[in-house]
Amino acid sequence: MNEIQDMAARLVQVPGVVGVMLGGSRARGEHAPDSDWDLGVYYRGSLDVAALRALAAEVTGGPVEVAGPGEWGPWVNGGAWLDVRGQAVDWILRDVDRVRAVWEDCRAGRYEVGTQAGHPLGFWSPCYAGEVALGRVLADPSGELGTLRAEAGTYPEPLREALTGAAWEAGFLVSNAAKSARRGDVLHVSLSLSRAVGVLVQALFAHHRRWCLNEKGALASVSTLPDTPPGFGDRAGALLGALGAGPPELTARVALAGGLADEVGAVLGG
């Protein structure tokens, strides 16, 4: 950890970097010995990517590809994957002004779902606020990240209402999937049911006033929350894990998804 703390202190010396936060399982204390170290590198304005590359090469002992803002996509917009003496350390760039804007949207009950490589259900903008709320500040010379983290520690009720209200989409997806199941359309059924489960997971996290950061581990986590329907995780896993190839199998899985959507709707109040 001392080495990571030192790395964070050096990162904030790079022109444009505002602060550094530890994220992921290590920030939450849920990590395994071989878990990656995820560092959110928060920047403002013009970021000195050349200086980041030089630092990356120094700490790894060789050249490292560092993606500047926008090179990885619109939401996870840049960073680097480092190997520091056999330990994986990820730098993830975050535009601090955009994070602040997303947080203000969350407080007003607004959110976006954008296309982003590596996020099969899309990138849900509240992730930005959740990362700050659940992260651990490593370097923050101006105190800006600490302030934002304190604010995001309270889940906004307008966002809760917006995300739980959006659970209606799951039923719509299931209805469309039912038509495709009768035709044996595996691709459309599987995509529809996957998104339906994803929407329900997001709604259940919001219902419990919990931040959902991405799809990884989300189904298992939400299944442990008190108001989640009994067996939700196992049942969702069953319908997604063995869709089958013919109309009877697909139709059966659609029926399972419809049942989950109805039960979550009852939890959310309609």
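Biologist: What is the relative accessibility of R209?

Modeller: R209 counts as partly exposed, the class between buried (under 20% relative accessible area) and exposed (over 50%), taken with a 1.4 Å probe on the protein chains only. This is a predicted model, in which local features need pLDDT of at least 70, side-chain atom pairs count only at pLDDT 80 or more, and totals for chains, interfaces and linings use all residues. Residues are numbered from 1 along each chain as its sequence is written, and side-chain values use heavy atoms, with hydrogens and water left out. For R209, the relative accessibility is 42%.

Biologist: Where is R209 placed, and what is its phi?

Modeller: R209 lies in the loop between α9 and α10; helices (H or I, at least four residues) and strands (E, at least two) are DSSP runs, numbered from the N terminus. R209 is a residue other than glycine, and yet its phi is positive. The value of this angle is near 60°.

Biologist: What value does phi take in R85?

Modeller: R85 belongs to the loop that runs between β3 and β4. The residue is exposed, because its relative accessible area is 67%. R85 is not glycine, but its phi is positive, at a value near 50°.

Biologist: Which residues have the most contacts inside the largest nonpolar core?

Modeller: A nonpolar core is a set of buried Ala, Val, Leu, Ile, Met, Phe, Trp, Tyr and Cys residues joined through side-chain atoms within 4.5 Å. In soluble globular proteins, nonpolar side chains tend to be buried together. Here the largest such core has 54 residues. The residues with the most contacts inside this core are L193, W211 and F232.

Biologist: Which element gives the most to this core, and how many residues does the other core have?

Modeller: The element that gives the most to the largest core is α9, with ten residues. Another core lies apart from the largest one, and V20, W37, L55 and V89 are among its members. The number of residues in that other core is 29.

Biologist: Which residues does W211 contact, leaving aside its neighbours within four places in sequence?

Modeller: Contact means heavy atoms within 4.5 Å. One of the partners of W211 is F205, and another is Y155. The full set is W103, P126, A129, G130, A133, L134, A152, Y155, P156, L159 and F205.

Biologist: Why do the buried residues of α1 line one face of the helix?

Modeller: Helix α1 covers residues 2-11, and its buried residues are I4, M7, A8 and L11. An α-helix has 3.6 residues a turn, so residues three or four places apart point the same way. The arc is that of the directions from the helix axis to the C-beta atoms. Seen down the axis of α1, the buried residues line one face because they fall within an arc of 100°.

Biologist: Which elements are included in what covers the buried residues of α1?

Modeller: The cover over these buried residues includes one helix that spans residues 49-60, namely α3. The strands included are β1, β2, β3 (79-84), β4 and β7 (136-139). The elements included are therefore β1, β2, α3, β3, β4 and β7.

Biologist: What distance separates the C-alpha atoms of A220 and F232?

Modeller: A220 sits in helix α10 and is exposed, because its relative accessible area is 54%. F232, by contrast, is among the residues with the most contacts inside the largest nonpolar core. The two residues are twelve residues apart along the chain, and their C-alpha atoms are separated by 9.2 Å.
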